[in-house]
Amino acid sequence: MKFGVLNQHPVTVAAQIWNPMLLEISQQTGIPLALSMGQSAPETTQRTLAGEYDFAYTNHLFSPERQKIGFQVIARLNRPAIRGQIVVPIDSPLQKLADLNGKKIVFPSKEAFVGYHVPSQALSRAGISVSSAFAGNQEGAMRQLATGIVDAAAVNDRVMHAFAMRTKFRYRVLWRSEPYPDLAVMAHPRVPAGMVARVRDALLSMHQRDSGRRALENANRFLRSTEPLIFVPASNADYAPYSRFWREQAEQP
C-alpha cells in the first residue's frame, strides 16, 4: 500500500525520516506500506487527489472540494501547531511587512497552506504586491533565502526552525499567522476500516516499542522537536481551523 508524504523536505530527506517509521508500522501490522512522493508538493498533492495513495501525511485536503473525497484523519505527530511565517535573513534591511512591497519572495509552492495560501492572504489584505517565486518544497524555499536569491521566504515555522538549527542559518520573522494543527496522517475511504484501525494503533503505540522509539528518534534528527516524538490521536474535527480559513476565503469579495 502507498503512503504519500507531502514535500516539506527534499525527497531524500523525507525518505530518511519516514522509511524507518513505515517499516516499523509494516512489521507490526503485516500491512506493507511504501513511501511514495512526487518531486514537488503540487505533484504529490495531485497524486493524492487522484487516489494514488492509501494513506497520506498532509494538510492539503481540508478545502470544501477536497473534503468530499472522504480522507479520514487518524493520527498526527505530537508537534506544536504550525504557523505561516514570512522571514528574511538576520542581516536583511527589511524590517516590517510593508517593506516587502515590490520585493522578491519565494513560496514553497502554490499548494502550500501555511507557506502560500495563508501568507498570500495576509499580503493581499495589507495591499502589498510582491514578485513571487516557487521552490517546490519548504526547504527549497529556505535554501533560496539562505543563498540570497530572494529577499524573503514564506514558510512553515516548524520546518524553518528545524532547517535553521541544522544549517546554522539565522533569520528574522516579519510576519506570522495564527496557529493551525500540524500535518495529519489520513486514510483514503477505500481502505477497509479494520486495516485503518491496525495502522492507527501501530502509529499510536510506536513509542512504546524499542524499535518504534528508534524510528521516532531517527525522525527527530531532522524534525528537531523539543519533546520526544510520538503519534497522538487526531480526527477531522481537530482540523476545523483549516475549514474556517477556506470558508473565509470563499466569502471574500
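Author: Two strands count as paired when DSSP finds at least two bridges between them. Helices (H or I, at least four residues) and strands (E, at least two) are DSSP runs, numbered from the N terminus. What we're looking at is a predicted model, in which local features need pLDDT of at least 70 and side-chain atom pairs count only at pLDDT 80 or more, while totals for chains, interfaces and linings use all residues. Residues are numbered from 1 along each chain as its sequence is written, and side-chain values use heavy atoms, with hydrogens and water left out.

Reader: Good, let's zoom out. How many helices and strands does the protein have?

Author: Nine helices and 11 strands. The radius of gyration (over C-alpha atoms) is 18 Å, close to the 18 Å that the globule rule (2.2 Å times the number of residues to the power 0.38) gives for 253 residues, so the protein is as compact as a globular protein of that length. Its C-alpha trace spans about 55 × 40 × 30 Å along the principal axes.

Reader: On to the sheets. What is the order of the strands in the open sheet of six?

Author: Read across the sheet, it goes β2-β1-β3-β10-β4-β11, and the pairing is mixed.

Reader: Which strands stand at the edges there?

Author: β2 (34-36) and β11 (231-233). Each has a single partner strand, so one side of each is left without a neighbour in the sheet. Neighbouring strands in this sheet are turned by 30° against each other on average, direction ignored; the axes behind such angles are lines fitted to C-alpha atoms, for helices over the stretch in contact, and angles run from 0 to 180 degrees between N-to-C directions.

Reader: I'd like to trace one strand in detail. How many bridges join β4 to β10?

Author: Four, linking β4 (residues 72-77) to β10 (residues 184-187), and the two strands run antiparallel. Follow it residue by residue: Ala75 has Val185 as its bridge partner in β10, and Arg76 has Ala184. On to β11: three bridges join β4 to that strand, again antiparallel. Arg76 turns up here too, standing opposite Val232 in β11. So Arg76 of β4 is a handy residue to click on, with a partner in β10 and another in β11.

Reader: Which helix lies across β3, β4, β10 and β11?

Author: Helix α7 (residues 193-204). It contacts β3 (55-58), β4, β10 and β11 (contact means heavy atoms within 4.5 Å), and runs at about 15° to β4.

Reader: And the other open sheet: what order do its five strands take?

Author: That one reads β7-β6-β8-β5-β9, with mixed pairing. The edge strands are β7 (131-134) and β9 (171-176). Each of them has a single partner strand, so one side of each is left without a neighbour in the sheet. Here, too, neighbouring strands are turned by 30° against each other on average, direction ignored.

Reader: Do β6 and β8 pair in a parallel or antiparallel sense, and over how many bridges?

Author: Parallel, over two bridges, between β6 (residues 104-107) and β8 (residues 152-156). To find the place in the viewer, look for Ile105, whose bridge partner in β8 is Ala152.

Reader: Which strands does helix α5 touch?

Author: Helix α5 (residues 138-146) packs on this sheet and touches β5 (84-89), β6, β7 and β8. Its direction makes about 150° with that of β8.

Reader: Helix α6 next: at about what angle does it run to β8?

Author: About 110°. Helix α6 (residues 157-167) lies across β5, β8 and β9. Put the two helices side by side in your viewer: α5 touches β7, an edge strand, and α6 lies across β9.
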